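Visitor: Could you take me through one part of this model up close? I'd like to hear how a helix sits against its neighbours, and how far to trust what I see.

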Amino acid sequence: MISGYGASHGPLHFFIWNFFFSVLIKDSLPLTSQTIFIPNIVATWVLLIYSYLLGRQFFSKKFSYLFAAAVILSPWGGIAMREPTFHALLTTLMHIATLYHYTVFIKEPDRPLNRFLAPFSLAIYLMAGLDWPFFLFIIVLYLAISQKLKAAIFNKYNLLPIAVMSVHITFFLKLALTTD
């Protein structure tokens, strides 16, 4: 976990920053405050797209515009976009993306792409979000209300989030049991 600004963040934040600075930027751009905001801008646009798509899945095209605007103008969108780190923006993006992919899974649970993307987005979320116990409860409740919990539980791609959680638990135990 990365510690900064008095909070910890999952490994996805670390991977994205390292990839951005060491692979994409390298020596091509100067390391300025404008350069640091590039991942925030990209994440904000992806969040806007996922918010629109999720709103469209729930209601209508008009609602999707309002939902996307509400998400972007919320503190997790508009304010977080201006921070030099993007952990809050990344967590919000993964919330919306995971809910979107599970909503599509609920509508078409037999489609192979939906069976893969729902647990995959959850696995990616688990690498970024710190509020995963409550969010997992929400996902399970959402699946139970939609009567697709059984289809989700017996999805073979659930090994992806299980693998991520196993790495987290192993890392935690290694740290907890290591004495100096």
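Guide: Sure, let's start with helix H6 (residues 87–107) and H7, whose axes cross at roughly 160° and come within 8 Å. Angles over 145 degrees count as roughly antiparallel, so H6 is roughly antiparallel to H7. The hand of this crossing is left-handed. On the H6 side, the residues that meet H7 are Thr 91, Met 94, His 95, Ala 97, Thr 98, His 101, Tyr 102, Val 104 and Phe 105. Facing them from H7 are Asn 114, Arg 115, Leu 117, Ala 118, Pro 119, Ser 121, Leu 122, Ile 124 and Tyr 125. Sorted by class, this H6–H7 contact has 11 nonpolar, 6 polar and 1 charged residues.

Now stay on H7 and look at another partner. Helix H7 (residues 112–126) and helix H10 (residues 159–177) cross at roughly 15°, with axes that come within 7 Å. That angle makes H7 roughly parallel to H10. Here the crossing is right-handed. H7 brings Phe 116, Pro 119, Phe 120, Leu 122, Ala 123 and Leu 126 to the contact, and H10 answers with Leu 160, Pro 161, Val 164, Met 165 and His 168. The tally for H7 with H10 is 10 nonpolar, 1 polar and no charged residues. Pro 119 and Leu 122 are worth a click, since they turn up in the contact with H6 and also in the one with H10.

As for trust, keep in mind that this is a predicted model. H7 is a good place to be looking: confidence in the chain is highest there, at 94, and lowest in strand E1 (residues 2–4), at a mean of 42. Over residues 1–7 the pLDDT is below 50, though this stretch still has 16 contacts in the model beyond near neighbours in sequence. Where pLDDT is low, the predicted coordinates should not be read in detail. For the chain, the average pLDDT is 84, and 93% of the residues score at least 70.

If you'd like another pair to set beside these, try helix H3 (residues 38–58) and helix H4 (residues 61–73), which pack at an angle of about 145° with axes 7 Å apart. Their crossing is right-handed. Among the residues making this contact are Leu 47, Leu 48 and Tyr 52 of H3, along with Phe 63, Phe 67 and Val 71 of H4. The contact of H3 with H4 divides into 10 nonpolar, 4 polar and 2 charged residues.

Notes: Residues numbered from 1 in each chain as written. Predicted model: local features only at pLDDT ≥ 70, side-chain atom pairs only at ≥ 80, totals over all residues. Heavy atoms only, no water. Axes fitted to C-alpha atoms, helices over the stretch in contact; angles between N-to-C directions. Helix = DSSP H or I, 4+ residues; strand = E, 2+ residues; numbered from the N terminus. Left-handed = near helix turned anticlockwise from the far one by under 90°. Contact = heavy atoms within 4.5 Å. Nonpolar A, V, L, I, M, F, W, Y, C, P; charged D, E, K, R; others polar. Parallel < 35°, antiparallel > 145°, perpendicular 65-115°, else oblique. pLDDT = per-residue confidence, 0-100.
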